[in-house]
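Okay, thanks everyone. Let me put the next one up on the screen, and then I'll walk you through the rings and the overall layout.

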Amino acid sequence: TSDLLPDAGKESFGASLSDMFAEVRDIVPCAGQDFYIVLPDELFQFIDCLEVPRENIASAISERLQKDESEFYYSVPVINNVSNQEPAKSVYVIDRTYVQALIDAAAEEGIRLSSIEPASISFLRANQYMDENEQEGL
């Protein structure tokens, strides 16, 4: 996935991210707010449900992808607990380059990132939130 980042002018890529966060800061009151970054699903790699203890997830991903743990970030947004076995964890992996560029640019502008996630997971979380609020209103 890191091949999707511009090869030439990575500094200008980071600068354009900083500009984007500066615009956000100017439009939206940011002080004390958590920001969620939603990226296209194709930037993430879905790893089948892993049935390993949470502390072993990074090494299981590393082994499966044949990449060093320092090359990626991962997220476990869904845990399926189907019996008394180790719960299966749906895992999403993203190249560390993307995440670090976003973290650095946000930090330059004093913006705190809470999450960087695939669009489909963001949709599921928002849908769950709406369902819970509808039930409270009944």
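So, look at Y73: R96 lies over the face of that ring, 4.0 Å from the ring centre. Keep in mind that this is a predicted model.

Now, how many aromatic pairs does the structure hold? Just one. The partners are F46 and Y92, and their ring centres are 5.1 Å apart. The planes make an angle of 55 degrees, and the pair counts as tilted. What I like here is that the pair links distant parts of the chain. F46 sits in strand 2, residues 44-50, while Y92 belongs to strand 4, residues 88-95, and 46 residues separate the two.

Which of these rings is buried, and which is partly exposed? Y92 is the buried one, because its relative accessibility is 17% and the cut-off for buried is under 20%. F46 has a relative accessible area of 42%, so it goes down as partly exposed.

Okay, zooming out. The protein has four helices and five strands. Reading from the N terminus, the order is α-β-β-α-β-β-α-β-α.

On contacts: take those in the protein with a separation of 6 or more, and 65% of them are between residues 24 or more positions apart. The F46 and Y92 pair, as I said, is 46 residues apart.

Last bit, the surface. Of the 138 residues in the protein, 31% are buried. The exposed area comes to about 9,000 Å², and 50% of that is supplied by carbon and sulfur atoms.

That's my tour, happy to go back to any of it.

Technical notes:
Residues numbered from 1 in each chain as written. Predicted model: local features only at pLDDT ≥ 70, side-chain atom pairs only at ≥ 80, totals over all residues. Heavy atoms only, no water. Phe/Tyr/Trp six-rings, centres within 6.5 Å; stacked < 30°, edge-to-face > 60°. Buried < 20%, exposed > 50% of the residue type's maximum accessible area, 1.4 Å probe, protein only. Lys NZ or Arg CZ within 6 Å of the ring centre and 35° of its normal. Contact = heavy atoms within 4.5 Å. Areas by Shrake-Rupley, 256 points an atom, 1.4 Å probe, with all protein chains shown as cover.
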